[in-house]
Each structure stands twice: as structure tokens, then as C-alpha cells.
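Q: Please take a close look at the metal site of this model and at the parts of the chain around it. I would like one connected account rather than a list.

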Amino acid sequence: MLILVTNDDGIQSPGLHVLADALRGLGRVVVVAPDRERSAISHALTLHSPLRAAEQGADRWAVDGTPTDCVNLGIHGLLREKPDLVVSGINQGANLGDDLTYSGTVAAAMEATLMGVPAMAVSLAADRFSGEDFLWGGRWAARLAAMVGKHGLPADTFLNVNVPAGQPLGMKLTRQGKRRYADAVVRNTDPRGRTYYWIGAGQLLFHDLEGTDVHAVDRGWISVTPLHLDLTNYAAFERLRHWDDEVLHAEPDEMKGRVE
Ligand code: MN
């Protein structure tokens, strides 16, 4: 297998090294990762400045861009062939529930999916990141990568994998959980007397729903959620169906007589 490995914590991150090492048993691993941390950058693509890729050794590139840039540039610019798999991680921190919309780790797997390459994002759902926890994550990432190599993935589908701290009990197939928003914004004064704000200071809370990623990880299981990029809410069709007729005749009062 030819495997492209990236992350959003930056090329120096210990999680990336463990992941790349673990996957080397399956084939050739090429690391293309951001040259610094780009966590919570989501699916950002650099369009208005050039990108540089610094070769840091054999099959190892540091890019001054986002995780999405790394996958895009890796596939189209640095590799001479399409990889069999893209693996992103191991992220330092969970990517669960609604939070994965912010995630650069998950977005890298999204980008690979858009390019028709099977992909998975791997995150360590822990508050502290011990070498041993990363090793468990790497071992399970390699097992799952081998399964993807053997069976492939359903069309337009990638895997969001979250690994608990400690030795996992096994793996559970899960659905995306729900965040409980208790986000606090810190308001403070800087040394020059100006007000500043800092987002994300609140406690991270999730609904403890059976069958979700959060539920599995909290109980010591590896969570594997199959995701796709179609954000359409099909259940909403029924409620919105009459809009297409009604909107034709709906005209705000102030607009009447002005539309020719
Ligand atoms: Mn990160």
C-alpha cells in the first residue's frame, strides 16, 4: 500500500510519528504535514498565497499550509501516483460529535474523499497524551488501515476514529454524537487596557446517547464513525416541500409595486 499520512497538530507532533511508524508495516508511508500546528482550521484551502513544501528526509514533507493543503498538494504535487489510503492524526484530543466540523484532522480525510482516495481520521480522546496511549492508537489505526486495504470503503465514505486513553476494549461502529453547548468566552483586559476575548474556555460537554461516538469512547471503546460529505437533511424535505409553491406568491409589502 501507498499511504499518505498527515495531521493538523504539525509535523513535529508525537501522534504523527507513532501513526507513520505503525502504518509502515502495511507499505510505503509518505508524510505530508503542516509545518506548524493548524488545529481547528477545518477544511481551509490556501488559495491566495503560494505553498512551499520542505523535504525533511525520505518521504517526509513539511508544508506551510493547512491539512487540506497537505492532502491536495500531496496527491497532486508530491506523490507521483494516487495513494491507496490517506490517514490523518493521531490528533492530540478528541474529534467527537458536532466538534468534528471544526477539525483539521477530519478535514484532511474529507479532502482525500473528495479526491476519491479512501481515508480515515484518528484522534486520541484523552485529556493527557501519553506515549503508551498513542501506541494503542497507532496499533488500532494500522488494523483498521489493513481492513480498508482489504475491503475498501463504501463510496464517498471515510472513517472518523477516536481512541480512548489506555488499552481499548475493542471497536464499536458509532454515529456522530451531539455537543451540549456550554461554551464560555473569556473577557479580559490586555496590558494596554484594551478588551480581548478568548473563545473555547468552557467545559466540553456531550449528550450521553447510546450508539454515539462519545458514548463508546467514554466507556473505553474505539469509536469508528463512517462519515460522508452530503450534509443534506433529507428528513427536512417533507416540512419544506410546500415552500417552493408558497414562495412564488410571498412578497414583502415594501416590495410591492416596485418589481417589474
Ligand atoms: Mn489537532
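A: What follows starts at the metal site, moves outward to its surroundings, and ends with the chain as a whole.

The model is predicted. Its manganese ion is coordinated by D8 (OD), D9 (OD), S39 (OG) and N91 (OD1), at 2.1 to 2.3 Å. Written along the chain, these donors follow the spacing D-D-x29-S-x51-N. D8 lies in the loop between strand 1 (2–6) and helix 1, and N91 lies in strand 5 (residues 85–92), so this pair ties together parts that are 83 residues apart in sequence. Both of these donors are covered by protein: D8 is buried, with a relative accessible area of 2%, and N91 is buried at 6% relative accessibility.

N91 also leads to a residue outside the list of donors. The side chain of N91 makes a polar contact with the side chain of T105, at 3.2 Å. T105 belongs to helix 3 (residues 104–114). T105 counts as buried because its relative accessibility is 0%, and the cut-off for buried is under 20%. Leaving out residues up to four places away in sequence, T105 touches D8, S88, G89, N91, N95, A121, V122 and S123. Two of the manganese donors, D8 and N91, are among these neighbours of T105.

Strand 5 has a further feature beside this site. G89, one of the residues that T105 touches, is joined to I90 by a cis peptide bond, with omega about -10°. I90 is placed in strand 5.

On the other side of the D8 loop comes helix 1, which spans residues 14–23 and includes A20. The buried residues of this helix are G15, L16, V18, L19, A20 and L23. An α-helix has 3.6 residues a turn, so residues three or four places apart point the same way. The cover over the buried residues of helix 1 includes strand 1, strand 2 (28–34), strand 5 and helix 4 (131–151). For A20, the relative accessible area is 4%, so A20 is buried. Apart from neighbours within four places in sequence, A20 is in contact with V29 and V31. A20 and S88 are 68 residues apart in sequence, and their C-alpha atoms are 9.8 Å apart in space. S88 is also among the residues touched by T105.

Two loop residues deserve a note for their backbone angles. S42, in the loop between strand 2 and strand 3 (53–57), has a phi near 55°, a positive value in a residue other than glycine. S42 counts as partly exposed, at 23% relative accessibility. D156 has a positive phi of about 55° as well, although D156 is not a glycine. D156 sits in the loop between helix 4 and strand 7 (157–164) and counts as exposed, at 57% relative accessibility.

For the setting of all this, the chain has 7 helices and 13 strands. Of its 260 residues, 43% count as buried. Among contacts with a separation of 6 or more, 78% are between residues 24 or more positions apart; the pairing of D8 with N91 at the manganese ion spans 83 residues. The C-alpha atoms fill a box of roughly 70 × 50 × 45 Å along the principal axes. The accessible surface comes to about 14800 Å², with 52% of it belonging to carbon and sulfur atoms. The chain carries 25 positive and 33 negative side chains, and the centres of these two sets lie 5 Å apart.

Note on methods
Residues numbered from 1 in each chain as written. Predicted model: local features only at pLDDT ≥ 70, side-chain atom pairs only at ≥ 80, totals over all residues. Heavy atoms only, no water. Helix = DSSP H or I, 4+ residues; strand = E, 2+ residues; numbered from the N terminus. Buried < 20%, exposed > 50% of the residue type's maximum accessible area, 1.4 Å probe, protein only. Polar contact = N/O pair within 3.5 Å; in protein donor to acceptor, adjacent residues only side chain to side chain. Contact = heavy atoms within 4.5 Å. Areas by Shrake-Rupley, 256 points an atom, 1.4 Å probe, with all protein chains shown as cover. Lys, Arg positive; Asp, Glu negative; His and termini not counted. Charge placed at Lys NZ, Arg CZ, Asp CG, Glu CD. Donors = N, O, S within 2.8 Å, 3.2 Å for Na, K, Ca; no water.
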